[in-house]
Amino acid sequence: MTRVLEVGVIGLGNIGGHLAQNLVADGHRVTVFDLDTERVKAIDGAQPASSVAQLAEAVSITFTSLPDPSTVVAVASEWATTAPKGSILCDLSTTLPASNQAVARQLATSGHVFIEAPLTGGAIGAKNRALVFLGGGPDDAFATVQPLLEKLGRATFHLGPVGAGTTMKLANSLRAFSGAIAAFEALAMT
């Protein structure tokens, strides 16, 4: 039986919205925030937050699914202003290892924990619980979040400290895109 947790999701786009809805379906108490209020309203059974700071006060684990590193940095800074000490911020975005490492160092100074778990599988994978999470962060914090990730996807890997997960995600993307470019070049030759 899964323990019911107070979980937050910030960023309710194609991936974050499905993750939030699946967390609700799993019986967790989910608080959500997005700048687009229609996306917030679309998560049936979740508690809406009026800001990142309000969400951070209400939960012990927060997932972010955001568009770029600068947004992750800004959200993490606001989140830390109200999140209780010991709270975990788990970023699912595809960003940069150095950026995530800087966020982890900054959050550590305020008594918070940052982990990364960039994913593969896209929106369809998020909806169908078929994601693969490539994690980086402290062992104990990752062990806290891992049961949630395992129910949201088909595989979860803890690869080491913050930066390791993002490095693997970028390497995986490079491999995939290189293969696609080679295939397109081969087609162009025929």
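Two strands count as paired here if DSSP finds at least two bridges between them, and with that in mind you can begin the tour of this predicted model at its six-stranded sheet.

Select β3, β2, β1, β4, β5 and β6, which in that order make up an open sheet with parallel pairing. At the edges stand β3 (47-48) and β6 (113-116), each of which pairs on one side only. Now look closely at β3, which is joined by two bridges to the parallel strand β2, residues 29-33; if you show Val32, you will find that its bridge partner in β3 is Pro48.

Next, select helix α7, residues 139-152. This helix lies across β1 (6-10), β4 (61-64), β5 (88-91) and β6, and its direction makes an angle of about 65 degrees with β4. Helix α7 also lies across β8 and β9, running at about 165 degrees to β9, and this leads on to another sheet.

Select β7, β8 and β9, three strands that form an open sheet in that order, with mixed pairing. Because β7 (119-120) and β9 are edge strands with a single partner each, one side of each has no neighbour in the sheet. Strand β7 runs antiparallel to β8 (residues 131-135), and two bridges join them; within this pair, Leu119 stands opposite Phe133 of β8.

Finally, move to the loop between β9 (153-158) and α8 (164-189), where you can select Leu159. This leucine counts as partly exposed because its relative accessibility is 37%. Add Phe157 and Met168 to the selection, and you will have the residues that, with Leu159, make a nonpolar surface patch of about 260 Å².

Definitions and conventions: Residues numbered from 1 in each chain as written. Predicted model: local features only at pLDDT ≥ 70, side-chain atom pairs only at ≥ 80, totals over all residues. Heavy atoms only, no water. Patch = residues over 30% accessible without salt bridge, like charges linked within 9 Å, V, L, I, M, F, W, Y side chains within 5 Å. Areas by Shrake-Rupley, 256 points an atom, 1.4 Å probe, with all protein chains shown as cover. Salt bridge = Lys/Arg side-chain N within 4 Å of Asp/Glu carboxyl O. Helix = DSSP H or I, 4+ residues; strand = E, 2+ residues; numbered from the N terminus. Buried < 20%, exposed > 50% of the residue type's maximum accessible area, 1.4 Å probe, protein only. Contact = heavy atoms within 4.5 Å. Axes fitted to C-alpha atoms, helices over the stretch in contact; angles between N-to-C directions.
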